[in-house]
Amino acid sequence: MKRLTLITMAVTMLLAASSCDKSNDYNTQVTLLLNQTPISYDSRGVWTDAMTEGTNVVSQGLKFSHEAIAVQGRWSGFVASRSSDVADYSNDIWLNHQHTVMGGGGKSGERTPYLVAKWDSTENAASMAGASCSVTYGDSTEFTPVSALVNNTTYTYYAIQNGTPQSRKFTAGDWYKLSVWGVKANGETTGPVEVYLADYRNSVPVLVKDWTYVNLEQLGKVRGIYFTIDSSDKGRLGIKTPTYFAIDRLTIDTK
């Protein structure tokens, strides 16, 4: 009986240790939750500092790159939005409606916040130093990317579906791809993790309009991640498709 009691106690201790380990793993994860971050939005539901130079969106310790040249009306990087507008402005000026996502809100539902990213196609995509769409944690603290949800913005979605004065309507064989890269502490690049937000290479064309899960664990332990975009619709000056994407619920492990 005494031996059985000791065995039972040992098993109980092992289960408790296992439970504790899982709890610790869970507690080291950080997930982007913009609805828990104090951000000011204008009447359209767009971050009021979208065109303010020297500003960034910071949430749960995650810092998202952002550049703006107000006098030129230009920006790149990440902008917070909670716009629910999913209308097609192909007959209007799309730049007046560039901060919206297909689905009308973040993963939490309509009118909930998310991030719209605009990739600068003129950047040096070979390193994070020249990346227009990058993410770091804390004071460049190392972390392991776990996952994210991505989607098309309305601008890119309808540009692919209908074409614009600058880009063509997608047909068989066309594609629009988002790539995620990691950068280790020694500067080595990992990845990419590739996501096709539009894929017309198969018999059934795919044009993403819902939040799509992306596993980022293969990037490993890094000091930052960055995003790039590629498209089959290119010209002499580069990509013609509007280079936007939306992201929500980015999750990292800080262990």
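Select Q98 in this predicted model, and then display the residues around it. Apart from its neighbours within four places in sequence, Q98 is in contact with W75, V116, K118, Y155 and Y244. Q98 is found in the loop that runs between strand 5 (74–81) and strand 6 (105–106). Is Q98 buried or exposed? Its relative accessible area is 8%, so Q98 counts as buried, the limit being under 20%.

Keep Q98 on display and show the side chains of W75 and Y244. The side chains of Q98 and W75 are joined by a polar contact of 3.1 Å. Another polar contact, of 2.6 Å, joins the side chain of Q98 to that of Y244.

Next, select strand 18 (residues 244–253), where R249 has its place. R249 has a positive phi of about 55 degrees, although R249 is not a glycine. With 27% relative accessibility, R249 is partly exposed.

R249 also leads to the next stop, a cavity. How many cavities of 30 Å³ or more does the structure hold? There is one. The largest cavity has a volume of about 60 Å³. To see its lining, select L32, L33, L34, N35, S108, T112, P113, D248 and R249. Sorted by class, this lining has four nonpolar, three polar and two charged residues.

Now turn to a sheet. Strands of a sheet pair through backbone hydrogen bonds, and the pairing may be parallel or antiparallel. Here, an open sheet of seven strands follows the order 2-3-9-15-11-12-13, with antiparallel pairing. Which strands stand at the edges? They are strand 2 (57–59) and strand 13 (206–207); each has a single partner strand, so one side of each is left without a neighbour in the sheet.

Within this sheet, select strand 9 (residues 134–137) and strand 15 (residues 224–231), which run antiparallel and are joined by two bridges. Show V135 as well: V135 stands opposite I225 in strand 15.

From strand 9, move into the loop between strand 9 and strand 10 (144–151), and select S140 there. S140 is not a glycine, yet S140 has a positive phi of about 55 degrees. The relative accessible area of S140 is 45%, and S140 is therefore partly exposed.

For the last stop, go to strand 12 (residues 189–199), in which P192 lies. Display the backbone from G191 to P192: the peptide bond between these residues is cis, with omega near 10 degrees.

Methods. Residues numbered from 1 in each chain as written. Predicted model: local features only at pLDDT ≥ 70, side-chain atom pairs only at ≥ 80, totals over all residues. Heavy atoms only, no water. Helix = DSSP H or I, 4+ residues; strand = E, 2+ residues; numbered from the N terminus. Buried < 20%, exposed > 50% of the residue type's maximum accessible area, 1.4 Å probe, protein only. Polar contact = N/O pair within 3.5 Å; in protein donor to acceptor, adjacent residues only side chain to side chain. Contact = heavy atoms within 4.5 Å. Pairing = 2+ DSSP bridges. 1 Å grid on protein atoms, 1.4 Å probe; cavity = no way out; pocket = protein on both sides within 12 Å on 5 of 7 lines; lining within 4 Å. Points joined across faces, edges and corners; volume = space filled by probe spheres on them. Nonpolar A, V, L, I, M, F, W, Y, C, P; charged D, E, K, R; others polar.
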